[in-house]
Amino acid sequence: MLEGKRLLVTGVITEQSIAYSVARLAQQHGARIVLTGFGRLSLVERIAKRLPDPPPVIELDVTNQEHLAALADNVRPHLDGLDGVVHSIAFAPQGAIGGGFLDASWEDVATAVHVSTYSYKALAMAVLPMLGQGSGLVGLTFDATLAWPVYDWMGVAKAGLESTSRYLARYLGPKGIRSNLVSAGPLRTMAARSIPGFEQFEDEWTKRAPLGWQLADPEPAARACLALLSDWFPATTGEIVHVDGGYHAVGS
Ligand SMILES: NC(=O)c1ccc[n+]([C@@H]2O[C@H](COP(=O)([O-])OP(=O)(O)OC[C@H]3O[C@@H](n4cnc5c(N)ncnc54)[C@H](O)[C@@H]3O)[C@@H](O)[C@H]2O)c1
């Protein structure tokens with residue numbers, strides 16, 4: 001499905017990362033990939049070695065202007081262009097999540113929005129010269145149409161991400177570049193575990209989702225990311241595909 005595709009995958013930090021499943025499946029389906037890693041690069045490199053064909057890892061803090069400016073030049077020695085980019089990045093300081101919505105400081109909220117929302121546009125622009133007709137961007141959201149318990153300002157950041165994706169669809173569509181999001185149900189990753197009280201979604205989700213829901217299996221979300229980057233969604237952009245067992249579609 002992805003034979004010959006050249007993909008940049010951000011967001012691998014553990015084997016549970018959604019991005020790790022994306023990277024593994026992408027390679028299994030014929031893509032060549034480059035990873036970016038944030039902070040603990042040696043850890044990301046160690047995890048990357050567990051992939052079928054260990055890919056290069058480039059350092060990228062999406063809030064670091066120098067990293068962004070150098071990104072395309074750092075990817076080029078490995079891939080001569082990009083057919084797809086996966087944004088699998090989110091972070092919010094503890095003050096912005098976990099039930100303290102009303103007391104969160106602007107500094108904490110600004111960090112959440114910088115890393116989780118603005119970064120989607122920043123990443124797209126950093127690699128724009130490498131993207132051609134028919135390429136695509138994919139990001140990960142958690143349904144931002146509702147106010148969830150404890151998700152707080154990350155929910156606001158995700159609402160912004162969903163809007164950012166629509167604007168990228170608008171501005172990059174004329175260049176033949178698509179932007180879509182996958183709205184995943186709760187998954188037990190490092191990012192999810194850092195949200196105090198996130199486990200309260202878990203029982204509710206597995207009970208209510210008509211298809212049921214596997215909290216420890218990021219593969220369905222990863223598959224959707226790759227499907228959106230394949231040639232099978234050529235006329236789809238600004239879209240949000242739910243990979244949540246159908247939870248969003250049913251009442252309690
Ligand atoms: N786990 C869930 O329940 C769930 C549900 C829906 C959507 N998502 C989204 O999926 C995406 C991936 O998260 P995950 O659940 O795989 O968790 P994860 O902890 O494995 O991945 C989050 C990644 O963000 C990276 N990151 C944080 N700050 C960064 C920065 N400044 N620059 C670059 N990278 C940075 C981390 O290094 C990490 O690799 C996130 O956007 C998350 O919001 C997760």
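**Exercise 1. Pairing at one end of the sheet**

Which residue in β7 is the bridge partner of Asn 180?

*Solution.* The model is predicted: local features need pLDDT of at least 70, side-chain atom pairs count only at pLDDT 80 or more, and totals for chains, interfaces and linings use all residues. Residues are numbered from 1 along each chain as its sequence is written, and side-chain values use heavy atoms, with hydrogens and water left out.

Step 1. Helices (H or I, at least four residues) and strands (E, at least two) are DSSP runs, numbered from the N terminus. Two strands pair if DSSP finds at least two bridges between them.

Step 2. Strand β6 covers residues 178-184 and is joined to β7 by five bridges, the two strands running parallel.

Step 3. Within β7, Glu 239 is the bridge partner of Asn 180.

**Exercise 2. The sheet as a whole**

State the strand order of the open sheet, its edges and its twist, and place helix α1 relative to the strands.

*Solution.* Step 1. Seven strands with parallel pairing form an open sheet in the order β3-β2-β1-β4-β5-β6-β7.

Step 2. β3 (57-59) and β7 (239-243) are the edge strands, each pairing on one side only.

Step 3. From one strand to the next, the twist averages 20°.

Step 4. Axes are lines fitted to C-alpha atoms, for helices over the stretch in contact, and angles run from 0 to 180 degrees between N-to-C directions. Contact means heavy atoms within 4.5 Å. Helix α1 (residues 18-28) lies across β1 (6-9), β2 (32-37), β4 (82-87) and β5 (131-141), and runs at about 160° to β2.

**Exercise 3. Strands β1 and β5**

Determine how β1 and β5 are paired and covered.

*Solution.* Step 1. Four bridges connect β1 with β2 in parallel, and Leu 7 has Ile 33 as its bridge partner in β2.

Step 2. In a regular strand, side chains alternate between the two faces of the sheet. Buried means under 20% relative accessible area, exposed over 50%, and partly exposed in between (1.4 Å probe, protein chains only). Arg 6 and Leu 8 on one side of β1, and Leu 7 and Val 9 on the other, are all buried, and both faces are thus covered.

Step 3. β5 pairs with β4 in the parallel sense over five bridges, with His 87 opposite Gly 139 in β5. Eight of the eleven residues of β5 are buried, so this strand is largely enclosed by the rest of the structure.

**Exercise 4. Two residues of helix α4**

Describe the surroundings of Ser 116 and Leu 123.

*Solution.* Step 1. Ser 116 is located in helix α4 (residues 106-127). Ser 116 counts as buried because its relative accessibility is 0%.

Step 2. A polar contact is a pair of N or O atoms within 3.5 Å; within protein, one must be able to donate a hydrogen and the other to accept it, and residues adjacent in sequence count only if both atoms are side-chain atoms. The side chain of Ser 116 reaches the backbone oxygen of Ala 112 at 2.8 Å, and a polar atom of that side chain lies 3.1 Å from the backbone oxygen of Phe 91.

Step 3. Not counting residues up to four places away in sequence, Ser 116 touches several residues, including His 87, Ile 89 and Met 154.

Step 4. Leu 123 also has its place in helix α4 and, at 1% relative accessibility, counts as buried. Leaving aside neighbours within four places in sequence, the contacts of Leu 123 include Leu 8, Val 85 and His 87. The C-alpha atoms of Leu 123 and Ala 69 are 9.8 Å apart, while the two residues are 54 residues apart along the chain.

**Exercise 5. The ligand site**

How many residues surround the ligand?

*Solution.* Step 1. A residue is near a molecule if one of its heavy atoms lies within 4 Å of it. There are 27 residues around the ligand, the closest being Gly 11, Ser 17, Lys 158, Leu 187 and Thr 189.

Step 2. Polar backbone atoms approach the ligand as follows: that of Gly 11 is 2.8 Å from a ligand oxygen, that of Val 62 is 2.9 Å from a ligand nitrogen, and that of Ile 89 is 3.3 Å from a ligand oxygen.

Step 3. The ligand taken alone exposes 820 Å², of which the protein buries 94%. These areas come from the Shrake-Rupley method with a 1.4 Å probe; for residues, only the protein chains shown count as cover.
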